[in-house]
Amino acid sequence: MKEFKLVIIGGGSSYTPELAGGLISRWKQGEFLAREIVLVDIPQGQKRLETVSAFIQRMVQKAGMPARITSTTNRQEALDGASFVVSQMRVGGMKARSMDEHLPLKYGVIGQETTGPGGFANALRTIPVSLELAQDIVRICPKAWLLNFTNPSGLVTEALLRYSDVNTFGLCNVPIGIKMALAKALLASPERVSIDVSGLNHLSFVTGVYLDGKDVSDQVFGSPLFPLYLDQTGIGKIMAPYLQHLKIIPSSYLQYYWGKNRALEKEKKDVEAGKGTRADEVMKIEKELFEMYADPRVDEMPPQLKKRGGAYYSDVALNSISAMVNDRPVVEALNVKNKGAVPGIQPDAVVEVSCMVDGRGPSPIAQKPLPPEVLGLVQKVKAYESLTVEAAVHGDVQKAFFALLNHPLVPDADTAASILKDILAENAEFLPQFKGKTEV
Ligand code: G6P
């Protein structure tokens, strides 16, 4: 069985036990052994890091897996000898996410962790830190693969591939979530189902469905149960007739574009009622989770972790790692350089697309064109993403303004300028690249 060292950046995350659970089951199935697992976090996250690390030790011990678990706030030391690095950090923590979600509401725009101005602010904070990580990897363990879950995943991956030499790809649990829902609807085990995925992170579309390698797309899209499938993927029944006609299943994040008024109204209502935004809710869930992780009697994943949105994230990562270490090809939807696989998007831009993953890493699989009914939206969001990457890397206020102006959720130039001004002011401590450049 292949063995390696794995480093988890943002190891103090409440999600990490899911990854540990996945590592244990892969070892049990004889796929590979993560012999050394190092959890890394920043000094402010030390307490959580220790709690998660001790909890994972208990999980590993219970399973009898011969792995060494350590934790540290010294990233560079941790990277020595690593074969895989998983990045799942959140620059500014949940507090910054809450800010990202509340700020746009002031301007009648949806506040969302990855989509719209919230995702934009997140990208400005996160891209420089992710590039520093990439530089460390290139210097200390140049052959290692960086698996990027750090949000906004597509944008961060584009920055990494454009501005560093690290071996990397971006991951997301949305496509695998749709695959699981389809498997359930088709009454089949997930291994029997595969899907064609094409688009961008949090704006990708399933355009083909296969059962045991046989194309069952017509059966799925033609089924009277189609609205039900959609409901299971989180998109809701409302768009079903339109999407059924187009023969696509979207990521649930399409609701923020096609259902933006509805989503905005709901968010505003929740805030007015004192429920707050999703970040505020997640902070409560995390409090509960960390109390359990800290309980020395707890040695398996608590069901409360299911209240988080990232279900199956470890499956995508570990399916890919397994394919790479064993050189046993699998198809996974990942964020990689397009290279022509998604027609209508620049070849060097990052897309979320079905990839063949093997010993050489992922290669995008050429997809049929997205229908014009959605391609325009995807192209516009790609323009926003590419401008955001430039803005984040160079601290370029002009690019930042045009990035926001190009985002389909931002209504006009005045709103873009006001939101940008607020974002730069509120995030100043995390945006050294914009220091002294706040004039919009
Ligand atoms: C999904 C998305 C992630 C996102 C998460 C939010 O997993 O793919 O990008 O971070 O949902 O879940 P949360 O529980 O933090 O709201």
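Me: What makes a residue count as exposed, buried or partly exposed in this predicted model?
Reply: Exposed means a relative accessible area over 50%, buried means under 20%, and partly exposed lies in between.

Me: Why is D212 called exposed?
Reply: The relative accessible area of D212 is 52%, and the cut-off for exposed is over 50%, so D212 is exposed. D212 sits in the loop between β8 (203-211) and β9 (214-215).

Me: What makes the phi of D212 worth noting?
Reply: D212 is not a glycine, yet its phi is positive, about 50 degrees. Most residues other than glycine have a negative phi.

Me: Which class of exposure does K247 fall into, and why?
Reply: K247 has a relative accessible area of 42%. Partly exposed covers values between 20% and 50%, so K247 is partly exposed. K247 lies in the loop between α10 (240-246) and β10 (249-250), and its phi is also positive, near 60 degrees, in a residue other than glycine.

Me: How do you know that C172 and H202 gather at one spot?
Reply: The UniProt annotation "binding site", from an unreviewed entry, covers C172 and H202. They span 31 residues in sequence, but no two of their C-alpha atoms are more than 8.3 Å apart, so they gather at one spot. C172 is in the loop between β6 (167-170) and α7 (174-185), and H202 is in the loop between β7 (193-200) and β8.

Me: Are C172 and H202 buried or exposed, and why?
Reply: The relative accessible area is 5% for C172 and 7% for H202. Buried means under 20%, so C172 is buried and so is H202.

Me: What does C172 touch beyond four places in sequence?
Reply: C172 touches F149, N201, H202, V316 and E352. H202, on the same basis, has contacts that include C172, E352, N151 and Y253.

Me: What kind of peptide bond joins N151 and P152?
Reply: The bond is cis, with omega about -5 degrees. P152 lies in the loop between β5 (145-148) and α6 (153-163). Most peptide bonds are trans.

Me: Why is α15 called roughly antiparallel to α16?
Reply: Helix α15 (residues 372-394) and helix α16 (residues 397-406) pack at about 160 degrees, with their axes 8 Å apart. Angles over 145 count as roughly antiparallel, so α15 is roughly antiparallel to α16. The residues of this contact divide into eight nonpolar, two polar and three charged. The crossing of α15 past α16 is left-handed.

Note on methods:
Residues numbered from 1 in each chain as written. Predicted model: local features only at pLDDT ≥ 70, side-chain atom pairs only at ≥ 80, totals over all residues. Heavy atoms only, no water. Axes fitted to C-alpha atoms, helices over the stretch in contact; angles between N-to-C directions. Helix = DSSP H or I, 4+ residues; strand = E, 2+ residues; numbered from the N terminus. Parallel < 35°, antiparallel > 145°, perpendicular 65-115°, else oblique. Left-handed = near helix turned anticlockwise from the far one by under 90°. Nonpolar A, V, L, I, M, F, W, Y, C, P; charged D, E, K, R; others polar. Buried < 20%, exposed > 50% of the residue type's maximum accessible area, 1.4 Å probe, protein only. UniProt positions renumbered as here; feature names shortened; annotations may be inferred. Contact = heavy atoms within 4.5 Å.
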